[in-house]
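Biologist: Please explain the terms applied to this model and set each value against its cut-off.

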Amino acid sequence: MTTTSGEDRSGASRLDVGPAYVLPGIVDAHVHSLSHGHEGIAAATRSAAAGGVTTIVEMPFDATGPINDVGRLRAKQELANDEAHVDVALLGTIEPRGGWRRAAELAQAGVCGFKVSLFDTDPFRFPRIDDRDLINVMAAVGDTGRTLCAHVENNEVVKALLAEEADATDVQAHTRSRPPVAETLGVLTAMEIAATTGAALHLCHLSLPRSVDLALWYRGQGADLTFETCPHYLTFTSADLETRRGRLKINPPLREGADREGLWARIAAGDVPVISSDHAPWPAALKDQRRIFDNHSGAPGVETIAAVTLGQALARGLDVFTRALEALTVAPARRYGLERRKGSLEVGKDADIAVFTPDPDVAIDETRLHSNAGWSPYDGLRPGGRITHTLARGELVWSTTAGVTAAAGRGTVL
């Protein structure tokens with residue numbers, strides 16, 4: 001297969017990638033590059049390039065302060081322009097108790113959307129927006145024409161159960177502290193307010209088939225609603241916590257095998273619009289604590305999202321592969337207003353290309369990945385294939401032979 005026709009074109013070159021799938025570059029709709037200073041835009045986008053991801057949607061909950069005013073946004077735009085290996089779209093966030101009044105100026109300054117949390121993860125970096133405030137937030141974001149993303153877990157349920165599990169020493173205490181009802185209550189709250197205000201809503205990292213079914217009902221009622229699941233929910237179950245322990249502590253938590261299969265069934269049916277990595281590259285020291293609650297939540301995944309998802313999808317059939325590919329490319333690009341340039345191999349769009357080569361024997365090796373995290377929950381997994389080439393705007397930025405060839409600063413803020 002080739003990147004060009006056989007015509008003689010000035011500056012064109014021919015690239016033989018062998019028996020492989022030539023695909024649109026992946027648009028990863030959920031990446032945390034700066035939640036911890038150990039990673040940064042440079043490492044996250046270098047890792048993205050090596051995984052076939054040509055655009056990341058960057059989360060706004062940075063360790064130095066959430067992106068909730070224009071000053072912080074401008075500084076992050078400059079940082080991304082200086083450091084990014086692939087293209088970056090930035091989300092903003094809304095400060096609790098009145099921060100919604102800044103939504104219009106943040107939109108004008110260039111955010112592609114906003115993200116808030118219904119759960120109080122961190123009162124400074126990642127605070128909770130309560131239900132009353134969420135009504136104002138959705139109305140204000142709706143007026144900007146942007147999408148509001150939401151971390152949807154019920155605060156009261158989780159906080160109470162965390163207190164009950166405080167002295168627990170087994171790894172499943174994390175699973176018990178965030179039961180399915182905590183997610184579905186959060187999903188329902190966000191969707192009902194979105195339906196009332198008319199806001200465009202995107203639900204982050206859904207772990208349950210029931211959450212998908214509830215979202216489909218609201219979409220059927222006319223709500224402007226999308227949602228995502230993640231490769232870890234499509235690969236692991238809560239039983240894997242017993243061996244991988246804190247490295248699989250993720251919010252919402254991993255679920256049962258039936259839930260994993262239920263998500264795959266809904267992908268096969270075309271009912272899951274977006275698949276994202278929720279890349280959270282904490283250093284290993286913050287993931288290898290003996291007590292499960294002493295570990296940070298989340299795992300690196302931007303470099304493995306394509307191989308893990310597409311390899312498993314292809315094993316389930318070409319129709320599942322096609323559905324999964326749409327959820328990795330055109331659907332997230334469309335949700336964040338990037339579809340004029342990203343998400344498909346159409347004339348006039350950026351020539352962002354990922355080459356996926358099926359290979360049942362290749363295994364993920366965490367020591368060869370490019371995130372500064374230095375580890376992966378997928379270490380040793382044979383997903384069924386790998387990304388062998390990545391092109392961004394027509395230039396080769398990664399191959400298995402040359403490595404990452406894009407310089408920092410090659411990527412731009414969209």
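**Terms and cut-offs**

Biologist: Why does Asp294 count as partly exposed?

Modeller: The relative accessibility of Asp294 is 43%. Buried means under 20% relative accessible area and exposed means over 50%, with partly exposed in between (1.4 Å probe, protein chains only); Asp294 therefore belongs to the middle class. This is a predicted model, in which local features need pLDDT of at least 70 and side-chain atom pairs count only at pLDDT 80 or more, while totals for chains, interfaces and linings use all residues. Residues are numbered from 1 along each chain as its sequence is written, and side-chain values use heavy atoms, with hydrogens and water left out.

Biologist: What makes the pair Arg291 and Asp294 a salt bridge?

Modeller: A salt bridge requires a side-chain nitrogen of Lys or Arg within 4 Å of a carboxyl oxygen of Asp or Glu. The closest N and O atoms of Arg291 and Asp294 are 3.2 Å apart, so the pair qualifies. A search of the whole structure finds 23 salt bridges.

Biologist: Which parts of the chain does the salt bridge between Arg178 and Glu153 link?

Modeller: The closest N and O atoms of Arg178 and Glu153 are 2.9 Å apart. The pair links distant parts of the chain, 25 residues apart: Arg178 is in the loop between α6 (172-177) and α7 (180-197), and Glu153 is in the loop between β8 (147-151) and α5 (155-164). Helices (H or I, at least four residues) and strands (E, at least two) are DSSP runs, numbered from the N terminus.

Biologist: How do you know whether Arg178 and Glu153 are buried or exposed?

Modeller: Arg178 has a relative accessible area of 4%, and Glu153 has 1%. Each value is under 20%, so Arg178 and Glu153 are buried.

Biologist: Which residues are linked with Arg341 in a network of salt bridges?

Modeller: The network links Arg341 with Asp87, Lys342, Asp350, Asp352 and Arg393. Within it, Asp350 and Lys342 form a salt bridge with closest N and O atoms 2.8 Å apart. Asp350 is buried because its relative accessible area is 15%, and Lys342 is buried at 2%. Arg341, in the loop between α14 (330-335) and β12 (353-358), has 35% relative accessibility and so counts as partly exposed.

Biologist: What makes the approach of the Arg341 and Asp350 side chains a polar contact?

Modeller: A polar contact is a pair of N or O atoms within 3.5 Å; within protein, one must be able to donate a hydrogen and the other to accept it, and residues adjacent in sequence count only if both atoms are side-chain atoms. The value for Arg341 and Asp350 is 3.0 Å, so the distance condition is met. Under the broader heading of contact (heavy atoms within 4.5 Å), the partners of Arg341 beyond four places in sequence are Asp87, Lys349, Asp350, Arg393 and Leu414.

Biologist: Why are β3 and β6 called paired?

Modeller: Two strands pair if DSSP finds at least two bridges between them. Strand β3 (residues 53-58) and strand β6 (residues 87-93) share four bridges in the parallel sense, so they satisfy the rule. Glu58 has Leu90 in β6 as its bridge partner. Both strands belong to an open sheet of eight, ordered β2-β3-β6-β7-β8-β9-β10-β11 with parallel pairing. Its edge strands, β2 (26-31) and β11 (274-275), each pair on one side only.

Biologist: What makes a set of residues a nonpolar core?

Modeller: The members are buried Ala, Val, Leu, Ile, Met, Phe, Trp, Tyr and Cys residues joined through side-chain atoms within 4.5 Å. In the largest core, of 91 residues, those touching the most other members are Phe114, Met138, Met191, Leu201, Leu203 and Leu310. Helix α13 (residues 318-328) contributes the largest share, six residues. Apart from it lies another core of 14 residues, including Val27, Met59, Cys112 and Tyr336. In soluble globular proteins, nonpolar side chains tend to be buried together.

Biologist: What makes α12 mostly covered?

Modeller: Nine of the 11 residues of α12 are buried, among them Ile305, Val308 and Leu310. Just after α12, Gly317 takes a positive phi of about 125°.

Biologist: How do you know whether Asn295 is buried or exposed?

Modeller: Asn295, in the loop between β11 and α12 (305-315), counts as buried because its relative accessibility is 3%. Beyond four places in sequence, Asn295 touches Gly246, Lys249, Leu286, Lys287, Asp288 and Gln289.
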